[in-house]
Amino acid sequence: MSYEIPDDLFYTKEHEWARREGDFVVVGISAYAQESLGDIVFIELPKIGEELSQNDTFGVVESVKAVSDLFSPISGKVVETNGTVTETPELINQDPYGEGWLIKLTMGDDSELHNLMNATEYEEYLGQEAKEATEP
Amino acid sequence: MSAGPGRAGLVLAAELIFEKSRPGRHGLSLPALDVPLSSPPKALTRKEDCNLPEVSELCVVRHFTRLSSWNFGIDLGSYPLGSCTMKYNPRVNEAIAQLPGFTNIHPYQPEELSQGALRLIYELEHALSEISGMDRVSLQPAAGAQGELVGVKIIRAFHESKGNPRKKILIPDTAHGTNPASCTLAGYEVVTIKTENGILESHTVAKLMDNDVAALMLTNPNTLGLFETEIKEIAKIVHDKGGLVYCDGANLNAIMGVVKLGELGIDVMHFNLHKTFSTPHGGGGPGAGPVGVKKILAPFLPSPLVEKSNGLYKIYPVGKNSIGRVKGFFGNFLVLVRAYAYIRALGAPGLKRTSQMAVLNANYIKARLKDSYDLPFDEIEKRPCMHETVFTDKKQQQYGVTTLDIAKRLLDKGFHPPTIYFPLVVHGALMIEPTETESKEEIDQLVDSLIEISNEAKENKKLLKEAPHNTIVGRVDEVGAARKPKLRWRP
Amino acid sequence: MDYTPHTEKNIREMLDKIGVKNIDDLFSNIPDQIKLKQQLDLPQPLPEPELVSHCKELSSINTTLNDKGARSLVGFIGAGTYQHFIPTVVSQLAGRGEFLTAYTPYQPEVSQGTLQAVFEFQTFICQLTGMDVANASMYDGASATAEAVLMAHRILKNRCGVVFALTLHPEYQEVIRTYLSHWESSNFQKIGWTSSGEIDLALLKKALEKEPAAVVIQSPNFFGIIEPLKEALELIHKSGAIAIVVNNNPTSLGLFEAPGNLGADIVVGEAQAFGNEIGFGGPHVGFFATKDEFVRTMPGRLVGETMDNRGQRAFTLTLSTREQHIRRERATSNICTNQGICALKASIYLSLLGKEGLKQLASLNYSKSEFLKSLLKKEGKISFPFSGTTYNEFVLKLHGNENETYKKLIKEGFIPGVTLSHWYPELPNHLLINVTEIHPKSELERFTEALRRVAT
């Protein structure tokens, strides 16, 4: 199965994406992540002002039968969270790269972005993961 | 829902009991007030009435009788729920547990007035010790998970008595979810052991075992229905590094009278009386989760431990090393009564035959189903299973049919589905535990139904996707329930 | 007697299909050297008639409470588990095999009976306690209290420590200690009582200075006294801690203010008094209720209302991601099996009792207890150490020795309650006495006379 992987984003191994917007970075989860979780029923996001380091957990996303931590792709301060998705978490399923965004961080060290995968690398990574999953 | 009582034939609807309330009705006759009426100070009294429903006795009887008719239970048909041991719950045990000499006694009445109850606790402890090969058994824990907590606390207390509680507990990835949850509750870090081919191998344990590991927690037979053959070697590896071995006794039904866990290097274990010893599950409980230990750990057990001296049964006061109590009073005594009656009825030959027939039934299912459903590991395919076996939905997936669809369709055929999506290491798991009390004909019907379903998967996928069709409610919107939780009735 | 239906012919056919010669072959993976060589050493199996008579014999050795049986005594013994009248309907309905022999309702389509009954239980507990949300039951009041303390620490992640009143049931205190035994002992603060038998609010105020996560207060407390919850909860909230109120006889909520209406954050306790027998201490049924805002930190199962794919109302287990089978080592609790049938009994009982019945029941308990107190107050050899308002249980002080008096009262046909010295050495010769609707006036009078005769 193939998933939408926009070219202009950076990706983590835990399936978060990061989009540079000037001095800020917007973070969400990938189409693959929302698809494997299934219908998302609950999301917990950090408080505005919270300082995150790269790979810190910043929240939790839940479906009926699964829970996943959310990991911050970069270091930075939370300046905005998506209040609409906490009310209607199905937005993450419907539009993971758009209306289903999760948090906005200040951009500190932009070299951190380059520790992440680009779209091609992420696609390859998903291919590997899918292969491992089918082997018992 | 229709306005009349009938839904489909004689399947009767029931509103919530609160919706049936009519002011002025009542369903209980209380004794008359034969002393002067007193009232407490106004400042302390309840300002608004508690709005319990106002209904007649007959209304209550009909309400709960109708509710009961929407349930599936062992009394209605096969319930092959893996790891849950849904065997017949003998009716005689229910009658015995309702004897006033058991129900109307108080845990704080003097011991001399409770000799029958204390003797029962004493004899049950001894029977469980004999069955398991453990030296002492505390009957206090209310359920398997609480037994685990007690067991892990005992492990901690043991290490603390040696000066270092240690940090980690090793748990195979096939374990029940309660295992890691209990360890965290007792302050331990959980290290998951990745199992290969469904079996725990001694070299894997050896690699992970160090002086920070307090214990290895395993289930034997494991949740894939396989006996851990290297158990003695594994226990030795753990013991050599000063660790202890805990066994989750959830699957004891496979090995009674065949092997004793206490002779395999297990130091502490729990029993699930509501599985192996046939006390009913009651739609969730109550159960009982006694904990058995080897002599070296006995000082850490919680009460009640009953001793006999001069013909009197006495509750043995626990020493300063005991982990303390985990629940009030003496545990779920009336559950203990049922388990005691079960063990007395079966005796040694009955318990052994129980395990033999449980294993026979599981292997028969495996033999009949292996062409229609995928077996996930070579080891499962190759070896005889114990009391349960695990299939997957791999063969059905090519038609877009999943384990969930298979389970729901099985409801239409009059069976409770197996445990699904557990153990977590098996993708799309269907875990079947028939138990010994199912007859060959019942099992044949179950297997025939599962084969039919695998054919339907090829020919009529829609039938499965929309299943169940014959139940009082159709597939339930669990997503909606979780997104907008409605957890109580409000007027 | 075993319950296996297999005939010799069945066994043969099944072994043939499996492809092995005999039953032992099925156990071939268990190494021979560890297999048992002889039969288990257990008493001979008993056929049903002998089993029944053996168990009847065992049960008949026990002295029962207030049931007019051959060995029954009149008992005034409570202390955390209470004998109330149980209507016949309760056991008749709860004993139905469809309820009794079902597992946890993981398949909602064939478990609507259990699920709806649990949803009703959750509602009952909310109504009684004045809280927003309640779970599908806990093992008992003691473990529910310990779970509440753990939950308070999930809510207030930056705080640590629990304060509890010494008037909390001593076994509940012990269970909190056991659940948190890996904590430093400085994390436990205990609060004494005043001459009224109520929690000492001045000491509470002081304890709160250490910024604990949780405070646990039981009302009616172990001495039967209604605690000053309003004042205590105000203090607790001002300090930012989570207020946990324990109630182990919620029949009292027919008369006394619900803790939720006074601002409790978590209300836990024991619902045994509703339709469940004392049964030598179990199984009973713990309840657990809290505010909506804390629902995701709760332990235990929850049933929610939803719809099925045919547009009908339906019930299902929900918010399961909190639980051990999904979150494993990070679950809110390790609880799995709970007390389903006991919760069902409580629901049936409360349905029968109804709004007026609950008030009447509580009033009967209160009035009868006050009546016995008034009779005893006339006796010279007894005093009442505490002045606080009680519900259906109270403490009296004997002038003579507790053991002698206790033994003599048993000879007179009474189990007079429990002595407190076992838990409170500073309270020698104190008896905790429980009176419920099952005690007719005549028995209260006879008990008073007996006590007059034997007290020295």
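**Order of elements.** I read chain A along its sequence and noted the pattern β-β-β-α-β-β-β-β-β-α-α-β-α. I then tallied the elements of chain A and recorded 4 helices and 9 strands. I note here that the model is a predicted one.

**Strand β8 and its partners.** I next looked up what pairs with strand β8 of chain A, residues 76-81. Strand β5, residues 51-52 of chain A, is joined to β8(A) by 2 bridges, and the two strands run antiparallel. Within this pairing I looked for the partner of Leu52(A) and found Gly76(A) in β8(A).

I then turned to strand β9 of chain A, which covers residues 103-106. β9(A) pairs with β8(A) over 3 bridges, in the antiparallel sense. Here I found Val78(A) opposite Leu105(A) of β9(A). I therefore entered β8(A) as a strand that is bridged to β5(A) and also to β9(A). As a reminder to myself, side chains in a regular strand alternate between the two faces of the sheet.

**Overall dimensions.** I checked the radius of gyration of chain A and recorded 14 Å. This agrees with a compact globule, because a globule of 136 residues would have a radius near 14 Å. Along the principal axes, I noted that the C-alpha atoms of chain A fill a box of roughly 45 × 35 × 25 Å.

**Burial and contacts.** Of the 136 residues in chain A, I recorded 38% as buried. Last, I looked up the contacts in chain A between residues at least 6 apart in sequence. Of these contacts, 64% join residues at least 24 apart.

Note on methods: Residues numbered from 1 in each chain as written. Chains lettered and ligands numbered in written order. Predicted model: local features only at pLDDT ≥ 70, side-chain atom pairs only at ≥ 80, totals over all residues. Pairing = 2+ DSSP bridges. Rg over C-alpha atoms; globule rule 2.2 N^0.38 Å. Buried ≥ 20, exposed ≤ 12 C-beta atoms within 10 Å, placed from the backbone. Contact = placed C-beta atoms within 7 Å.
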